[in-house]
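Reader: Hi! Could you walk me through this one? I'd like to talk about contacts and cut-offs.
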Protein chains: 2
Amino acid sequence: MSLTFFKSEMMSIDTSSLVDKVEESLVALLRERKLGVGDVIPKEIELAELLGVSRTVIREALTRLRLMGLIESKKRKGSVITSPDLFGMMSKSMNPHILDQDTLKEIFELRLVLEIGIADLLFHRVTKEDIDELKQIVADEPPVTQYHIFNIDYEVAFHSKLYEITNNQTLKKFQKMLLPVFDYVHHSGLLKKQSLLRTFVSHKDLVDILENGNPEKFRNGMRDHLENHFARIFDFS
Amino acid sequence: MSLTFFKSEMMSIDTSSLVDKVEESLVALLRERKLGVGDVIPKEIELAELLGVSRTVIREALTRLRLMGLIESKKRKGSVITSPDLFGMMSKSMNPHILDQDTLKEIFELRLVLEIGIADLLFHRVTKEDIDELKQIVADEPPVTQYHIFNIDYEVAFHSKLYEITNNQTLKKFQKMLLPVFDYVHHSGLLKKQSLLRTFVSHKDLVDILENGNPEKFRNGMRDHLENHFARIFDFS
DNA sequence: ATCTTTGATATGTCATACATAATACTAATA
DNA sequence: TATTAGTATTATGTATGACATATCAAAGAT
């Protein structure tokens, strides 16, 4: 037998634990039985018998599903299937103090990408009320000084509202999760200091574009509005 | 005592389970002790004693951390802290068959947002080799017919390469995770059928823009390239 | 008929024992 | 001496049984 044979054999050895397999089995089971949101799944002991493992393993597997937001467990009632919260879990590990620097910077970039990319969604879904609300937010902002020192609260309020307008909950949750990281990176020494070269497209300008312009203009406006951040990214390396 | 008193009492009752608390305690513990990637954490029994709970509870809590990608457990060695894989967990629940329709559509949108938003990253980081590779991919594609029936494989190859050029691993992983969902939504009856109105900006056009144009042109080009998808989204509701 | 109590039930927690795999240590062999 | 084979140790993985607790439902009291 050749060495490569052994290697391929080695590679194919199942390194997953029992719980891993049970987890898969459970997901498969749910799909098989076409169980949807709201349906209760068999109780732990039954599952243990069905799959031929101990309740401990079942419980660990169920814990994972619960963690994924796939099920919710209630005493006496059992576990019911719920619509998975994609970001519920993720947000727990989205801790700036734990993430490494590279990832942090990448998340910073990700936010910029999103803000520019949502232009079309915005224009298609924005309402008169949204425009009014944005105007109100802008009106409440302190006057922009020459040095463009922005208040993080107003910054968040404005951009959060934009995500809201997209009417895309997934996107909204995603942004909410990214926020603390963005804030952290912004204030940490991870990126080059702000250059403050010139005055950029303001929030007010963006609202104007959203009201009277088109997606293309908005993308360019947003790109310019974020120039400060982009400059910090690109200057770093 | 008034009713509202009772109500507020009720509300403030901690509904979280022991495991929930232990989980928080553990994360706090790690941060407190300033444990970084690679450090081993105390063994399960020690943690059980330290926090005054059974090993079962500790294990469930550790399972969660492991699931978050915060730690890795090895027999005999114990558990060591790892750099959390933000999307490792998420990708498990990113199962088209499990997600509800609204979320699926939102993810579909998310992909479009990303592709348009990455223009600046692309232009800042693209190399001559990348351009060549893209040209090669395009050259291998079958001729685009009038009806714009695209082959999903070539589609994926091209767009994946774009994400690669951004040199943003987080973004890349994110895209990889979104792919199956996008594919699923594309083929499912969730969205309106393709309208096939006209010929759009092709992959080749995009490469040209990336080579000779600027971010703004690329964003517009990509927007046009994706017009088909956007039309399906916006026509739905 | 309504409220209270009680009991049944399924998950939550605990304790213990054993299995398994990876490492460290020891001893045998060249 | 160095290398290998075997053995012991150790921490996680799995199994089992017991009890705690919360919730629902039915029986019972008002």
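Reader: What do the side chains of Arg125(B) and Glu109(A) form?
Author: The side chains of Arg125(B) and Glu109(A) meet in a salt bridge, 2.6 Å from N to O. The term stands for a side-chain nitrogen of Lys or Arg within 4 Å of a carboxyl oxygen of Asp or Glu. Keep in mind that this is a predicted model, where local features need pLDDT of at least 70 and side-chain atom pairs count only at pLDDT 80 or more, while totals for chains, interfaces and linings use all residues. Side-chain values use heavy atoms, without hydrogens and water, residues are numbered from 1 along each chain as its sequence is written, and chains are lettered from A and ligands numbered from 1 in the order in which they are written.

Reader: Thanks! How many salt bridges does the rule find across the interface of chain B and chain A?
Author: The rule finds 6 salt bridges across the interface of chain B and chain A. On the side of chain B that touches chain A, the largest share comes from helix H6(B), with 9 residues (helices are DSSP runs of H or I, at least four residues, numbered from the N terminus).

Reader: And how much area do chain B and chain A bury between them?
Author: About 4,900 Å², 64% of it on carbon and sulfur atoms. Buried area is the accessible area (1.4 Å probe) that two parts lose on being put together, summed over both. The contact (heavy atoms within 4.5 Å) takes 52 residues from chain B and 52 residues from chain A.

Reader: How are the two copies related?
Author: A turn of 180 degrees and a shift of 0.1 Å along the axis lay chain B on chain A with an RMSD of 0.3 Å. The two copies are thus related as by a two-fold rotation axis. The superposition is by least squares on the C-alpha atoms of residues with pLDDT of at least 70 in both. Of the residues of chain B, Gly117(B) comes closest to that axis, at 2.1 Å (C-alpha).

Reader: Switching to the DNA: which residues come nearest to strand D?
Author: Leu18(A), Thr56(A), Val57(A), Lys43(B) and Arg76(B), out of the 20 residues around DNA strand D; "near" asks for a heavy atom within 4 Å.

Reader: What does Lys43(B) reach on DNA strand D?
Author: A phosphate oxygen, which lies 2.7 Å from a polar side-chain atom of Lys43(B). Thr56(A) has a side-chain N or O atom 3.3 Å from a base nitrogen of DNA strand D.

Note on methods: Helices (H or I, at least four residues) and strands (E, at least two) are DSSP runs, numbered from the N terminus. A polar contact is a pair of N or O atoms within 3.5 Å; within protein, one must be able to donate a hydrogen and the other to accept it, and residues adjacent in sequence count only if both atoms are side-chain atoms.
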